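Please look at the structure below and follow the open spaces in the protein before turning to the DNA.

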Number of protein chains: 2
Amino acid sequence: MGDSRQTGSTTQPAVACEQCGLARICFPAALPLHEIPRFSRLVRRGRTLSAGLHLCRAGDELQAVYIVRAGTLKVVHTTPAGAESVVGFCLPGEVVGLDAIANQRHAHDVIALEHSSYCALSLDKLQQLVEQTPGMRQELIRVMSRTLGETHQRMTLLARQGARALVAAFVLDLSVRLERRGLASSRFRLGMRWRDVASYLGLTFETVSRSLAALRRSGVLQAKARYLTVMNRTLLENVAGGAGCGDQKPSGVIP
Amino acid sequence: MGDSRQTGSTTQPAVACEQCGLARICFPAALPLHEIPRFSRLVRRGRTLSAGLHLCRAGDELQAVYIVRAGTLKVVHTTPAGAESVVGFCLPGEVVGLDAIANQRHAHDVIALEHSSYCALSLDKLQQLVEQTPGMRQELIRVMSRTLGETHQRMTLLARQGARALVAAFVLDLSVRLERRGLASSRFRLGMRWRDVASYLGLTFETVSRSLAALRRSGVLQAKARYLTVMNRTLLENVAGGAGCGDQKPSGVIP
DNA sequence: CGCAGAGTTGAACGGTGTCAAGTAACGTGG
DNA sequence: CCACGTTACTTGACACCGTTCAACTCTGCG
């Protein structure tokens, strides 16, 4: 709750966009080759944030959009009454701040859940790029559209199903997002606490814990500390798809 | 389930954008004055759709973005198993198809809930406008950002609260959206069935019905047929804010 | 070692889903 | 226009699942 700005600059070797592992997902993805160096020059790279610090706060003026490079962030909505609820997580390759362009103000707090690094593209440089390079216009629109689509899809997951289905769907969603970004998708470390997951899903953390136990018992996945292993993908998909998970009847679960 | 394309063209007098009541919310909102006529010329106006017909289907190639002019549409996700769930509603002034730009394909069915009218801006014309007019780039990005923000905000509403809070929040959201578009916000007709609302909120329609009854009993709102009257806005906000609604104790409700 | 925070597990309560029956609104065809 | 049938909604009773409260374990850190 003390100060919360980013912790100074460039503590990393500053890999140019051309060499970045996320280049395929980040803005340069659809940029013509000759436009990339220019983009690369305008981006502030290698910013880091240690766990618990804010990337931005609700009400803050929008100064830049951020691209997560490593780590995990949570997007938090705080009600006037003071209650917090997690409305989303940001994984490597995802962009923070697009929803704030319209009002020029952030609507949520964004907080690092673990030591994370990110790149920043200041608003005026973004505007400049959009005005001057056709590829960048296309790409910004494409990224926003994609984000919109993903958000929609994520809303369907929240359509009140059983708790186990929700947790399964969450794990699956995470797995898919990691895979799409070229990261391990069947064995990974969760950046977030389960209590954050609970808040995100609208459940209590006890229920999440129980659901996990059930999924573990049915051999769908394994969870030790914060390391998750998907043991049976298709089963996971079935459970996530709404069909309850065989908790009480450990034998036959949706053949 | 028969055919489902739009019902031919221009059955309305085709009001130019400059005279349209929604001009303040639609794309022309932030367009410089001299760019509006050009925009107006490229838009296909006055398309209509009667209740139950599809504006587009999941998997369809994206051919145009649509701006709702009158009526109400629902956005539906159909699971592989065949179960339908409503993921959103489109009100006058809102844009359909922005989330499909990235993949060039629609991800959901969009279905008219009542006789509705809309304008269409074909994809190539949109692209042309974006390339050639600076105001339109700005505006498209602004609209997408706004939509993204609204979607985020709507997700927070779904953060599993009590059923009455959910229903109250839904009514409030609807009221705010209508108000922002210059329509009556305290007495209006719902375009959607309550069962669609139930699906959207992840509840059964019985529970929605009960919640409505509770809200009616507490004097928060009145509902006859599909006509809704908000009787006490602040109380509605309180109930929506998570504090349960005084159902069992009709006397003191959050002073 | 001991404390703090995160997660696990158990028992009882309460809200929603479910099933079922009944009423109101709507559209159709006479 | 009214009788009809269909669909949407209302309301009740009961079971189930998730919340709540509580005690306990595990992990990480000083």
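On a 1 Å grid over the protein atoms alone, a pocket is an open set of points where a 1.4 Å probe fits, with protein on both sides within 12 Å along at least five of seven lines, and its lining residues are those with an atom within 4 Å of a point. This is a predicted model, in which local features need pLDDT of at least 70 and side-chain atom pairs count only at pLDDT 80 or more, while totals for chains, interfaces and linings use all residues. Residues are numbered from 1 along each chain as its sequence is written, chains are lettered from A and ligands numbered from 1 in the order in which they are written, and side-chain values use heavy atoms, with hydrogens and water left out.

The second largest pocket is lined by 29 residues, and those nearest its centre are L157(A), A240(A), G241(A), H77(B) and T79(B). Two or more lining residues come from each of α3 (134–158), α4 (163–180) and α7 (233–240) of chain A, and likewise from β5 (84–90) and α5 (194–201) of chain B, where helices (H or I, at least four residues) and strands (E, at least two) are DSSP runs numbered from the N terminus. The biggest contribution to this lining, 6 residues, is that of α4(A).

In the largest pocket, 38 residues form the lining, with H77(A), T79(A), Q153(B), T156(B) and L157(B) nearest the centre. At least two lining residues each are supplied by β5 (84–90) of chain A and by α3 (134–158), α4 (163–180) and α7 (233–240) of chain B, and it is α3(B) that gives the most, with 10 residues.

We can now turn to the DNA. Around DNA strand D there are 18 residues, counted as near if one of their heavy atoms lies within 4 Å of the strand, and the closest are A163(A), T207(A), R210(A), W194(B) and S209(B). The surface near DNA strand D takes its largest share, 6 residues, from α6(B). Of the strand's atoms within 4 Å of the protein, 62% belong to sugar or phosphate, and the rest belong to bases.

Which side-chain atoms lie 2.2 Å from a phosphate oxygen of DNA strand D? An N or O atom in the side chain of T207(A) lies at that distance, whereas a polar side-chain atom of T204(A) is 3.2 Å from a phosphate oxygen of the strand. From chain B, R216(B) has a side-chain N or O atom 3.4 Å from a phosphate oxygen of DNA strand D.

Technical notes:
A polar contact is a pair of N or O atoms within 3.5 Å; within protein, one must be able to donate a hydrogen and the other to accept it, and residues adjacent in sequence count only if both atoms are side-chain atoms.
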